Amino acid sequence: MIKKSLLALSLSALLAAPAYADLTINGFASIKAGMTLDSDDMLYGYDDSLDFKNESLFAVQLMSDLGDKLSVTAQLMGRGADDFDVDFEWAFISYQLTDEVRINAGRLRTPFYKYSDYRDVGYAYDWLRVPQSVYGLGFDNIEGVSLYHTTQLGNFDSSLQLIAGAYDGEASISGTEVNAEIKDILGITWELSQDWYSLRAAYLIGKVSVGAEAVSLQPGVTFGDFFNGLAGAGFSALVNEIDIVEEDGEFFGLGFTVDKNDWLVVTEYTTVKVDNSFIADQKNFYVSLGHRFDTITPYISYEKEDNPAKDEIYTPYQGSLPPSLLLPVVGIVQSQAREATTYNVGLRYDFHPSAAFKVQYSSEDNEIADLRQDVLAFGVDLVF
């Protein structure tokens with residue numbers, strides 16, 4: 001209800017703005033195609049058939065200046081992976097409190113990463129896609145309020161953001177879509193930049209709940225059925241260590257960027273934790289290196305995921321839990337383990353002031369599954 005009310009309020013403010021209000025319309029699009037290089041591979045939504053929908057998208061952003069420091073912004077997007085069904089990505093009201101302080105309220109992009117605000121605007125970065133090892137938390141937006149403060153600190157440009165809100169919608173856990181709710185989200189980000197380099201840090205917390213009860217554990221058995229079986233056998237404490245009901249969640253991120261003499265270096269490191277749950281503690285990072293040659297920018301990048309399973313959840317029960325219950329518990333916990341490295345090689349060609357052609361080869365090595373998968377993708381990112 002809160003989400004719908006905020007969206008309706010933002011849209012009605014746009015449509016019912018006074019005649020003198022300034023309305024700015026911008027947009028961006030990505031037309032991309034790709035395929036894996038082996039018939040058994042599945043990576044980033046691609047298989048071995050050339051697909052033009054998976055990563056393609058089209059978006060329009062409307063911003064209306066209502067005067068007296070008040071404005072409203074809405075962004076509508078259709079993704080090829082969702083048959084281009086249009087939905088609100090952003091919808092918020094802004095008020096400029098002072099020259100240095102602005103407050104936003106509504107549906108906002110969660111500031112986890114350096115490129116969070118424009119991760120969908122492919123034209124804004126050199127890669128064909130943002131590094132999935134880091135940018136894969138499972139949700140991007142929250143309903144809430146944020147406060148921006150921009151100023152000069154000595155020779156540095158400082159940008160500080162405080163954010164508070166909640167999320168209620170779908171999230172992805174090991175490729176499975178589940179209902180997720182995150183309450184009491186509080187966060188802070190701070191970026192300092194000077195000349196050719198910048199530093200960024202982000203820290204967010206919240207109460208995480210995941211409705212996995214209806215998800216199938218095996219044919220005819222859901223997570224809910226299994227949890228009831230564990231509780232009925234006297235292992236309610238184990239259920240509490242596995243399920244995710246208002247558990248403390250924590251995100252921490254560090255980023256560093258260099259852009260000097262046409263050399264570009266970007267790196268980000270993130271950690272994710274959800275206490276008292278089967279979700280593995282995640283430590284992921286990437287580093288990217290590129291060089292501009294006029295309109296052509298080749299680049300390489302390396303990604304690393306280190307998500308060890310929480311074996312300590314089931315180890316104390318190995319002597320007391322019947323095999324019929326122990327094995328599913330082990331399977332649930334181990335399903336979150338992931339050790340993977342990814343190499344990317346790509347090229348960006350700015351053939352137009354508002355458009356760039358990109359091609360990228362990505363190779364992921366899943367060390368736990370002993371599986372290497374490769375995907376080749378290309379396309380055009382543009383802004384208008």
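# Close-up views of a predicted chain

**View 1. Glu246 counts as partly exposed, at 42% relative accessibility.** Three terms describe burial throughout: a residue is buried under 20% relative accessible area, exposed over 50% and partly exposed in between, using a 1.4 Å probe and protein chains only. You are looking at a predicted model, in which local features need pLDDT of at least 70 and side-chain atom pairs count only at pLDDT 80 or more, while totals for chains, interfaces and linings use all residues. Residues are numbered from 1 along each chain as its sequence is written, and side-chain values use heavy atoms, with hydrogens and water left out. Glu246 sits in the loop that links helix 3 (236-242) to strand 12 (247-260). Helices (H or I, at least four residues) and strands (E, at least two) are DSSP runs, numbered from the N terminus. Take a look at the backbone here: Glu246 is not a glycine, yet its phi is positive, at about 50 degrees. Most residues other than glycine have a negative phi.

**View 2. Asp68 is another non-glycine residue with a positive phi, here of about 55 degrees.** To find it, follow strand 2 (57-67) into the loop before strand 3 (70-79). Why does Asp68 count as exposed? Its relative accessibility is 74%, so it falls in the exposed class.

**View 3. The whole chain has four helices and 18 strands.** Its radius of gyration is 22 Å, close to the 21 Å that the globule rule gives for 384 residues, so the chain is as compact as a globular protein of that length. The radius is taken over C-alpha atoms, and the rule is 2.2 Å times the number of residues to the power 0.38. Along its principal axes, the C-alpha trace spans about 70 × 45 × 45 Å. Of the 384 residues, 46% are buried. Contact means heavy atoms within 4.5 Å; of the contacts with a separation of 6 or more, 58% join residues 24 or more positions apart. The chain exposes about 18,700 Å², and carbon and sulfur atoms supply 58% of that area. Accessible areas come from the Shrake-Rupley method with a 1.4 Å probe, and for residues only the protein chains shown count as cover.

**View 4. The largest nonpolar core has 61 residues.** A nonpolar core is a set of buried Ala, Val, Leu, Ile, Met, Phe, Trp, Tyr and Cys residues joined through side-chain atoms within 4.5 Å. Which residues have the most contacts inside this core? They are Trp127, Leu230, Leu238, Ile242, Leu321 and Val329. Helix 4 (residues 323-334) gives the most to this core, with five residues. A second core of five residues lies apart from it, and Phe28, Leu57, Ala59 and Met77 are among its members. Centre the view on Leu230 to see its partners: leaving out residues up to four places away in sequence, Leu230 touches Phe235, Ser236, Leu238, Val239, Ile242, Leu321, Leu325 and Val329.

**View 5. Asp126 is buried, at 18% relative accessibility.** Asp126 belongs to the loop between strand 5 (101-109) and strand 6 (141-153). Not counting residues up to four places away in sequence, Asp126 touches Leu264, Thr297, Tyr299, Arg348 and Lys358.

**View 6. Strand 7 (residues 156-173) carries Ala171 and also Leu162.** Ala171 is buried, with a relative accessible area of 10%, whereas Leu162 is partly exposed at 38%. Beyond residues up to four places away in sequence, Ala171 touches Gly138, Thr176, Glu177, Val178 and Ala180. On that same basis, Leu162 touches Val145, Ser146, Leu147, Gly187 and Ile188. Two C-alpha distances are handy for orientation. Ala171 and Leu137 are 34 residues apart along the chain and separated by 8.2 Å. Leu162 and Tyr203 are 41 residues apart along the chain and separated by 9.9 Å.

**View 7. Thr342 is part of strand 16 (residues 338-352).** Is Thr342 buried or exposed? Thr342 is buried, because its relative accessible area is 0%. Setting aside neighbours within four places in sequence, Thr342 is in contact with Tyr44, Ser133, Ser301, Tyr302, Glu303, Ser363 and Glu364. Thr342 and Val287 are 55 residues apart in sequence, and their C-alpha atoms are 11 Å apart in space.
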